[in-house]
Amino acid sequence: MSRYINESDPKIVAEQALEWVMKETLSADDITTLSSETLDAFYHHVNPGFLEYRKSVTSGGSYAAIEWRANGPNTLLDIHGNEYLDCLGGYGIFSVGHRNPVVLAAVEMQLKKQPLHSQELLDPLRALLAKVLAKITPGDLKYSFFGNSGTESIEAALKLAKAYQSPHGKFSFIATHGAFHGKSLGSLSATAKPAFREPFMPLLPGFHHVEFGDIAAMKQQVKQCQQNGEGIAAIILEPIQGEGGVIIPPDNYLPEVRALCDDIGALLILDEVQTGMGRTGKMFACEHYHVQPDILCLAKALGGGVMPISATVATEKVFSVLFDNPFIHTTTFGGNPLACAAALATIHVLLSEKLPEKAAINGTFLLNGLKKISAKYPNLIVAVRGMGLLQAIEFNKNETGYAFASEMFREKILVAGTLNNAKSVRIEPPLTITKQQCEHVLSVVEKVLAKLA
């Protein structure tokens, strides 16, 4: 039952909604009321489909686990006080943990000075962040465009590639099956899942998809395009397909794609929205393969789990097409002071606390444990794979994967399926997860698999 006295008065509704923002703690009555109002507002004003989809909502909507606060770097609490070990990490957002104190302090300090920039004066934090990214990214990457989300970073990359290649008559792109690059129209043209694409057809022309990890298929597509007089502007790839099910390519794949791009004069765009910022055991996944892209896309963890920010980083040769008219691709909020402060602090934490290296160590421990346990259940599990702390268990069917994730939720560990491969359940905790917490995850995984067998 809503507590709103007069729901027709927007001022009252807004005031009472703001009260929840200002609350530090919840009484028993608060818990009941907030639960009811959250469910009601999701159903009537957000999207009722989410109530059917979320494991956190019981059948009929009689109970919902509703987030309330972070409770340490790797755990969070719901409004009922239940603590969950976060092995989902906001789909890769929380690399430096929840409410990282260094990131929070940087944002709070900037908040006291200036939350958003004027758009007219030069904003120093955007300049400083671009300089830092030029130092930590591989190869000759030098200039950055900042946005707010992963799909925005891909849109910028596609437009940059088109602007660079249009004088050469090259307008087409090659992407891969299983790819996920976002859901705005440009990035969705590179994304591969039919359920995401079909309602919005026709998408941008000139996008071709081939099997991920198959260099022969890539070369064959290039040949077909060339025979049709269709120039390739860029090849766009995730070094590891995250939403495709944490699919890791053969070791020679990325180097051979890089060589192919060089041969045909195409750009290589690497989407490291999910794999970047230390997730795979190195700052960027392409470093495992010693490959340098022409354009690198970042988001998710770049904001330290505190602010949304994305970056599209390119070489000077490619980015220079924006020099004469920097206004042909801009954004109001991209590169704002709060987001840049968060990103600068995040990079500092990743480097000073050696979190990529820790991700490699704890990731190896966790992956080996999962493989050992999964070997006992060949009737349920197809494969266990991963790199660093980006890992997945692939089950024999979608229903088994969902049942596993649901049982893990009941055991207060958050995991979830991947968007393009529902059989694969991702395990993607903050890079701050401890070995002891990894051991707990393995213990619960074994318990859950025994129950499902």
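# Buried arginine and its partner

R426 has a relative accessibility of 1% and therefore counts as buried, where buried means under 20% relative accessible area, exposed means over 50%, and partly exposed covers the values in between, for a 1.4 Å probe and protein chains only. The model is a predicted one, in which local features need pLDDT of at least 70 and side-chain atom pairs count only at pLDDT 80 or more, whereas totals for chains, interfaces and linings use all residues. Residues are numbered from 1 along each chain as its sequence is written, and side-chain values use heavy atoms, with hydrogens and water left out.

R426 forms a salt bridge with E243, the closest N and O atoms of the pair lying 2.6 Å apart; the term stands for a side-chain nitrogen of Lys or Arg within 4 Å of a carboxyl oxygen of Asp or Glu. Because E243 sits in the loop between β7 (231-237) and α11 (253-264) while R426 belongs to strand β15 (residues 421-427), this pair ties together parts that are 183 residues apart in sequence. Helices (H or I, at least four residues) and strands (E, at least two) are DSSP runs, numbered from the N terminus. E243, like its partner, counts as buried, with 4% relative accessibility.

# Further salt bridges

By the rule given above, the count of salt bridges comes to 16. One of them joins the side chains of K376 and E446, with an N to O distance of 2.4 Å. K376 is placed in the loop between α14 (355-374) and β11 (381-387), and E446 in helix α16 (residues 435-452), so this pair ties together parts that are 70 residues apart in sequence. E446 has a relative accessible area of 29% and is partly exposed.

Another salt bridge brings E394 together with K423, at 4.0 Å from N to O. This pair, too, links distant parts of the chain, since E394 is in strand β12 (residues 390-395) and K423 is in strand β15, 29 residues apart. E394 counts as buried at 14% relative accessibility, whereas K423, at 28%, counts as partly exposed. Beyond single pairs, salt bridges that share partners join E243, R279, R426 and E428 into one network.

# Surroundings of C87

C87 is found in the loop between β3 (83-86) and α4 (89-92), and its relative accessible area of 0% makes it buried. Although C87 and I413 are 326 residues apart along the chain, their C-alpha atoms are separated by 6.5 Å. When neighbours within four places in sequence are left aside, the residues in contact with C87 are I413, L414, V415, R426, I427, E428, P429, I433 and V441, contact meaning heavy atoms within 4.5 Å. This list includes R426 and E428, which are also members of the salt-bridge network.

# Helix packing

Helix α5 (residues 101-113) packs on helix α13 (residues 337-352) at an angle of about 150 degrees, with the axes 8 Å apart; axes are lines fitted to C-alpha atoms, for helices over the stretch in contact, and angles run from 0 to 180 degrees between N-to-C directions. The two helices are therefore roughly antiparallel to each other, on a scale where angles under 35 degrees count as roughly parallel, over 145 as roughly antiparallel, 65 to 115 as roughly perpendicular and the rest as oblique. The crossing of α5 and α13 is right-handed, a term for a near helix turned clockwise from the far one by less than a right angle, left-handed being the anticlockwise case. From α5, V102, V103, A106, V107, Q110 and L111 take part, and they meet P337, L338, A341, A342, A345, T346, H348 and V349 of α13. By class, this contact has 11 nonpolar, 3 polar and no charged residues, with Ala, Val, Leu, Ile, Met, Phe, Trp, Tyr, Cys and Pro counted as nonpolar, Asp, Glu, Lys and Arg as charged, and the others, Gly among them, as polar.

For helix α15 (residues 398-410) and α16, the axes come within 10 Å and cross at roughly 130 degrees, which makes α15 oblique to α16. This crossing is right-handed. The contact involves T400, A403, F404, E407 and M408 of α15 together with V444, V445, V448, L449, K451 and L452 of α16, and its residues divide into 8 nonpolar, 1 polar and 2 charged.

# Backbone exceptions

Most residues other than glycine have a negative phi, and most peptide bonds are trans. A cis peptide bond, with omega about 0 degrees, joins M201 and P202, and P202 lies in the loop between α9 (194-197) and β6 (207-210).

R99, which is not a glycine, has a positive phi near 50 degrees; R99 is located in the loop between α4 and α5 and counts as exposed at 52% relative accessibility. K300, likewise not a glycine, has a positive phi of about 40 degrees. K300 lies in the loop between β9 (295-298) and β10 (310-315) and is partly exposed, with a relative accessible area of 27%.
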